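Let's take a walk through a protein chain together. Have a look at the model below, turn it around a little, and then read on.

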Amino acid sequence: MADAPDITLWLDSARSGDRAALDRVLATLYQELHTMARRQLSGQHGYTLDATALVHESYLKLIGSGGNAKFEDRAHFFAYAASSMRSVVVDYARSRLARKRGGDLKRVADIPEEVEGSLRLDEDMLALNDALDKLSAADERLAQVVEMRYFAGLSELEIAELLQRSERSIRRDWQKARLFLLSAMQED
């Protein structure tokens, strides 16, 4: 990951309204975001959403329409980036399914233990998104771990470093979240 002290200083400046500092943060972390997106979208053949499009759409969500994005620290930036990627992927899956099947969705419960593969842009993504909304209402911290792990492709160690928690606690959160999500997806 990029040099954390510089990013933190730039984020402090961006919070004070320095647009150039926010641009430096985004430019510095762009390659990391692109690498995460490429890793998550690998194996998606025949779809029009690629890593560059995912990062660019996420970037637009990050800076918002008025460019007033403010990030407290590096962890907040990556949490927001993961949430933005989730939003873009879910919107893409909805659009694709609406065109393909007239919006008729079926739900299948499957959340892999290891997420080093790729995101599936299908009905499962929409079912996962709905379940993740329920999880967020029940436990926001668990939902954040899922977004960072599943949508941004961060490892448990990377998430632990960003959130300043132990890798073991992140692993427990991931396991609890998976159980909750699987249960929620089977109910629907």
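Before we start, one term will help: a residue is called buried when its relative accessible area is under 20%, exposed when that value is over 50%, and partly exposed in between. Keep in mind, too, that what you see is a predicted model.

Let's begin with the overall plan. The chain's secondary structure consists of 8 helices and 0 strands, so reading from the N terminus gives the pattern α-α-α-α-α-α-α-α. Of the 188 residues in the chain, 45% count as buried. Now think about which parts of the chain meet: among contacts between residues at least 6 apart in sequence, 69% join residues at least 24 apart.

Helix H1 covers residues 4–15, and leucine 9 is found in this helix. Is leucine 9 buried or exposed? Leucine 9 has a relative accessible area of 54%, and because the cut-off for exposed is over 50%, this residue counts as exposed. Its C-alpha atom is separated by 8.6 Å from that of alanine 21, which is 12 residues away along the chain.

Alanine 21 leads us to helix H2, residues 19–41. At the N-terminal end of H2 you will find a cap made by aspartate 18, with a side-chain oxygen 3.0 Å from the backbone nitrogen of alanine 20. Follow H2 along to tyrosine 30, where the helix bends by about 45 degrees. Which residues of H2 are buried? They are Ala21, Leu22, Val25, Leu26, Leu29, Glu32, Leu33, His34, Met36, Ala37, Gln40 and Leu41.

Two residues of H2 also meet a residue from helix H3. Threonine 52 is found in H3 and touches Tyr30 and His34, leaving out residues up to four places away in sequence. Between the C-alpha atoms of threonine 52 and histidine 34 there are 6.5 Å, while 18 residues separate the two along the chain. With a relative accessible area of 30%, threonine 52 is partly exposed.

Next, look at the interior. The largest nonpolar core has 56 residues, and Leu33, Phe78 and Met148 are those with the most contacts inside it. Each of the helices H1, H2, H3, H4, H5, H6, H7 and H8 supplies at least two residues of this core. The largest share, 13 residues, comes from H4. To see one of the well-connected residues at work, select methionine 148: beyond its neighbours within four places in sequence, it is in contact with Ala75, Phe78, Ala79, Ala82, Gly153, Leu154, Ile159, Leu162 and Leu163.

Helix H4 also holds serine 84. Serine 84 has a relative accessible area of 5%, and because buried means under 20%, this residue counts as buried. Setting aside neighbours within four places in sequence, the contacts of serine 84 are Ser58, Lys61 and Leu62.

Now move on to H5 and H6. Their axes come within 6 Å and cross at roughly 150 degrees. Angles over 145 degrees count as roughly antiparallel, and therefore these two helices are roughly antiparallel to each other. On the H5 side, the residues making the contact are Met125, Leu128, Leu132, Leu135, Ser136 and Ala138. H6 contributes Glu140, Leu142, Ala143, Val146, Glu147, Tyr150 and Phe151.

Stay with H6 for a moment to find arginine 149. This arginine is buried, with a relative accessible area of 5%. Its side chain is joined to the side chain of glutamate 156 by a polar contact of 3.2 Å.

The loop between H6 (140–151) and H7 (156–163) contains alanine 152. Is alanine 152 buried or exposed? It is buried, with a relative accessible area of 1%. Not counting neighbours within four places in sequence, alanine 152 is in contact with Met36, Arg39, Gln40, Ala82, Met85 and Glu147. Alanine 152 and leucine 33 are 119 residues apart in sequence, and their C-alpha atoms are 7.8 Å apart in space.

Our last stop is the loop between H7 and H8, the place of glutamine 164. With 73% relative accessibility, this residue counts as exposed. The phi angle of glutamine 164 is near 55 degrees, a positive value in a residue other than glycine.

Definitions and conventions
Residues numbered from 1 in each chain as written. Predicted model: local features only at pLDDT ≥ 70, side-chain atom pairs only at ≥ 80, totals over all residues. Heavy atoms only, no water. Helix = DSSP H or I, 4+ residues; strand = E, 2+ residues; numbered from the N terminus. Buried < 20%, exposed > 50% of the residue type's maximum accessible area, 1.4 Å probe, protein only. Contact = heavy atoms within 4.5 Å. Bend = angle between axes of the 7 residues up to and from the residue. Polar contact = N/O pair within 3.5 Å; in protein donor to acceptor, adjacent residues only side chain to side chain. Core = buried A, V, L, I, M, F, W, Y, C linked by side-chain atoms within 4.5 Å. Axes fitted to C-alpha atoms, helices over the stretch in contact; angles between N-to-C directions. Parallel < 35°, antiparallel > 145°, perpendicular 65-115°, else oblique.
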